[in-house]
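User: Please take a close look at one helix of this model and at what surrounds it. I would like a connected account that I can follow with the structure open.

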Amino acid sequence: MNKILVRIPNWLGDAVMATFALEILFLRFPQAHFYLVGSATSIALFAHYPRVSILEDKSKKAKFRIPSLYRLAKSIPPCDLGFTFQNNFLSALLLYFNGAKFRAGFAKEMRSFLLTFHPKKPTDIHEASRFARLVESALHSQRFQTQNQNFESLEIPPKLYLKKPNLQITLPQHFKDSKIAGINAGAAFGVAKRWEESYFAQVIWFLLSQDYKIILFGVQSENAINDKILDYLRAIPHFTESAFQNILNLSGKTTIESLMAYFLKLNFLLTNDSGPMHIASALEIPTLALFGPTNIKETCPFNAKNSHILSLETFHQKLPCMPCMQRTCPIPKDSTDYHTCMRNLTPNLVINKIQSLISEIKIQSTQKLASEQK
């Protein structure tokens, strides 16, 4: 295998969840060159990877989408192996247009005739496992084995894989040698996944009282979310403007690469179910993940020992409507039941968990220091 084409997901979180499957391919084909096609956001995760060329799929914005997709496919040398981690017809057409000899993807949208391997999409498993299962089943299929007699299996631990960026970032001088908590209050899929801004403000106020420095994260479209959090902080009694020197607002100011670099400076991250949640988990950053309307089983941090899920379900208060999987809460806003999957997940519940996590981090730090002094 000299050339491998992979159509990765467009959503950031899905692209991170595809890294287990990609790691399988990277390790099993150590001499191959990879062509990763996706959105500008998803391919940015892999810009610093060796043996990888990243290509943005701009065909959706083109006047004529299929000719644009054809040109993209032909800009890539014909590949020996092609995978699509998307479920749509056009992603399979990309592999077909490229002329990849072996093309694999789930049997969706009547596209099987474009693929040489097209198993039924498995349900009720984690998304990361789903991507990996596609790769493993394809590589162990009779057709692939017949063409590749020397193929050998490898045992690869099931987790998310991201290579640390080469970028060096600089924190404010007074942040250095301090405890730092990250806050990611956005969520690209929809407002239903977002915890309330006032709740984040209460948690930040608690963390400031514990001598933590705070970094707010978010893309530019989420600037208003972080602005609301800061407004709620101002309304808290005894909060002073001088406290803002301990809050670094990076909303709209990071690239994917710099986001990863900042995450590596954190003691922990508090986040909604989102792409940054999966990035932090892949980088093994202690993570507190807030869940409400989404399926924990399919999209929680994948086999991440340092990640903790916070939801009404984990507090044994699951609602009958969970998970609804809706972008916005389907219950009328004037109802007392509106968005209760997130509203009933109160700051006190989260702060109690943070206190436990802080204690764990202190114990681990003490044990590590004692071990280093031996």
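**Helix α2 and its surroundings**

Analyst: The largest nonpolar core of this predicted model has 64 residues, and those with the most contacts inside it are F83, F85, I215, F263 and I279. Helix α6 supplies the largest share of this core, 7 residues. Another core, of 41 residues, lies apart from it and includes I183, Y199, I236 and L345.

One of the well-connected members of the larger set can be followed outward. Leaving aside neighbours within four places in sequence, I215 is in contact with L171, F175, I180, A181, G182, I183, L248, L250, Y262 and L266.

Now to the helix itself. Of the 10 residues of α2, 9 are buried, so this helix is largely enclosed by the rest of the structure. The buried ones are T19, F20, A21, L22, E23, I24, L25, F26 and R28. What do the buried residues of α2 pack against? Their partners are the strands β1 (3-7), β2 (33-38), β3 (52-56) and β4 (81-84), together with the helices α1 and α6.

The contact with α6 can be described in detail. Two packed helices are described by the angle between their axes and the distance between the axes. Helix α2 (residues 19-28) and helix α6 (residues 127-139) pack at an angle of about 35°, and their axes are 7 Å apart. From α2, the residues taking part are F20, A21, I24, L25 and R28; from α6, they are A128, F131, A132, V135, E136 and L139. By class, this contact has 9 nonpolar residues, 2 charged and no polar ones.

Helix α6 also borders an internal space. Rolling a probe the size of a water molecule over the atoms shows where empty space is left. The structure holds 1 cavity of 30 Å³ or more, and the largest cavity has a volume of about 40 Å³. Its lining consists of T84, F85, Q86, N87, F106, K121, E127, R130 and F131. Here α6 provides the largest share, 3 residues. F131 is thus on two lists: it lines the cavity and meets α2. F85 also lines the cavity, and F85 is among the residues with the most contacts inside the largest nonpolar core. The cavity lining divides into 3 nonpolar, 3 polar and 3 charged residues.

The loop leading into α6 from β5 (102-104) holds two residues with unusual backbone entries to look at. M110 sits in this loop and has a phi near 55°, a positive value in a residue other than glycine. M110 counts as exposed because its relative accessibility is 77%, and the cut-off for exposed is over 50%. D124 is in the loop between β5 and α6 as well, and its phi, near 60°, is likewise positive in a residue other than glycine. With 46% relative accessibility, D124 counts as partly exposed.

Helix α1, another partner of the buried residues of α2, leads to the largest pocket. This pocket has a volume of about 1200 Å³. Among the 48 residues that line it, W11, L12, G13, F189 and K193 are the closest to its centre. Which helix gives the most to the lining of the largest pocket? That is α1, with 4 residues. At least two lining residues each come from α1 (12-17), α6, α10 (256-263), α11 (275-282) and α12 (296-299). The lining has 18 nonpolar, 19 polar and 11 charged residues.

The loop between β1 and α1 contains N10. N10 is partly exposed, with a relative accessible area of 32%. Apart from neighbours within four places in sequence, N10 is in contact with G38, S39, S42 and Q86. Q86 is also one of the residues lining the cavity. N10 and S258 are 248 residues apart in sequence, and their C-alpha atoms are 19 Å apart in space.

G190 lies in the loop between β6 (179-184) and α8 (197-209). G190 counts as buried because its relative accessibility is 14%, and the cut-off for buried is under 20%.

Definitions and conventions: Residues numbered from 1 in each chain as written. Predicted model: local features only at pLDDT ≥ 70, side-chain atom pairs only at ≥ 80, totals over all residues. Heavy atoms only, no water. Axes fitted to C-alpha atoms, helices over the stretch in contact; angles between N-to-C directions. Contact = heavy atoms within 4.5 Å. Nonpolar A, V, L, I, M, F, W, Y, C, P; charged D, E, K, R; others polar. Buried < 20%, exposed > 50% of the residue type's maximum accessible area, 1.4 Å probe, protein only. 1 Å grid on protein atoms, 1.4 Å probe; cavity = no way out; pocket = protein on both sides within 12 Å on 5 of 7 lines; lining within 4 Å. Points joined across faces, edges and corners; volume = space filled by probe spheres on them. Core = buried A, V, L, I, M, F, W, Y, C linked by side-chain atoms within 4.5 Å.
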